Amino acid sequence: MTTENLANVYKSDLKMPENCKSVTFLPIKIGDRAFLCTNRAYISPNGRLINKDDNMAGAYFGRRVVIDDIKGDWCKVRYTLITESDETVGYVRVEDLEIIK
């Protein structure tokens, strides 16, 4: 989306920071690395919150993850360190990820 589209969709007045010449919005993609900015992960998009009792790995704020799948505003993520067990975290909202570039 362009900056103008974002402003129209979210009905906000987007202003450039002082001394900023441009801002580029890049789409996320499968394989991108990110930091988790939440302690909440879900079994499916808009699904049930993962409990400590579930077999899936728990989510931890600040952990490094890799995006495995994208479904709308949700991403399926896994930890960056692969071990013998399934290291899938679950689904988190795109806004709860800080992409590492």
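Reader: Leaving aside its neighbours within four places in sequence, which residues is R40 in contact with?

Author: Happy to start there, with the reminder that this is a predicted model. R40 sits in the loop between β1 and β2. Once neighbours within four places in sequence are set aside, the contacts of R40 are L49 and V92.

Reader: Is R40 buried or exposed?

Author: The cut-off to keep in mind is that exposed means over 50% relative accessible area. R40 has a relative accessible area of 52%, so the word for R40 is exposed.

Reader: How far apart in space are R40 and Y60, C-alpha to C-alpha?

Author: Along the sequence, 20 residues separate R40 and Y60. In space, their C-alpha to C-alpha distance is 8.0 Å.

Reader: Where is K15, and is K15 buried or exposed?

Author: K15 belongs to the loop between α1 (3–9) and β1 (33–36). Its C-alpha atom is 9.8 Å from that of T3, a residue 12 places away along the chain. With a relative accessible area of 68%, K15 is exposed.

Reader: What pattern do the helix and strands follow along the sequence?

Author: Let's count the elements before ordering them. The protein chain has 1 helix and 5 strands. Read along the sequence, they give the pattern α-β-β-β-β-β.

Reader: In what order do the strands stand in the open sheet?

Author: The open sheet is formed by 5 strands, and their pairing is antiparallel. β4 (88–93) and β5 (97–99) each have a single partner strand, so they stand at the edges. Neighbouring strands are turned by 45 degrees against each other on average, direction ignored. Read across the sheet, the order is β4-β3-β2-β1-β5.

Reader: How many bridges join β2 to β3, and which residue in the turn has a positive phi?

Author: β2 (residues 64–71) and β3 (residues 74–79) can be taken together here. They run antiparallel and are joined by 6 bridges, with D69 standing opposite K76 in β3. The two strands form a hairpin with 2 residues between them, and the turn residue with a positive phi, about 65 degrees, is G72.

Reader: Which residue in β4 is the bridge partner of K76?

Author: β3 and β4 run antiparallel and are joined by 5 bridges. One of the pairs is V77 with G90. For K76, the bridge partner in β4 is Y91.

Reader: Which residue in β2 stands opposite A34?

Author: β1 pairs with β2 in the antiparallel sense, over 3 bridges. Within β2, the residue opposite A34 is V65.

Reader: How many of the residues of β4 are buried?

Author: For the whole protein chain of 101 residues, buried residues make up 24%. β4 stands at an edge of the sheet, so one side of it is left without a neighbour there. Even so, β4 is mostly covered, and its buried residues number 5 of 6.

Reader: What is the volume of the largest pocket, and which residues are closest to its centre?

Author: The largest pocket has a volume of about 750 Å³. It is lined by 18 residues, and the closest to its centre are F25, L26, P27, I28 and V94.

Reader: How do the residues of that pocket's lining divide into nonpolar, polar and charged?

Author: The lining of the largest pocket holds residues of each of these kinds. The division is 11 nonpolar, 2 polar and 5 charged.

Definitions and conventions. Residues numbered from 1 in each chain as written. Predicted model: local features only at pLDDT ≥ 70, side-chain atom pairs only at ≥ 80, totals over all residues. Heavy atoms only, no water. 1 Å grid on protein atoms, 1.4 Å probe; cavity = no way out; pocket = protein on both sides within 12 Å on 5 of 7 lines; lining within 4 Å. Points joined across faces, edges and corners; volume = space filled by probe spheres on them. Nonpolar A, V, L, I, M, F, W, Y, C, P; charged D, E, K, R; others polar. Helix = DSSP H or I, 4+ residues; strand = E, 2+ residues; numbered from the N terminus. Buried < 20%, exposed > 50% of the residue type's maximum accessible area, 1.4 Å probe, protein only. Pairing = 2+ DSSP bridges. Axes fitted to C-alpha atoms, helices over the stretch in contact; angles between N-to-C directions. Contact = heavy atoms within 4.5 Å.
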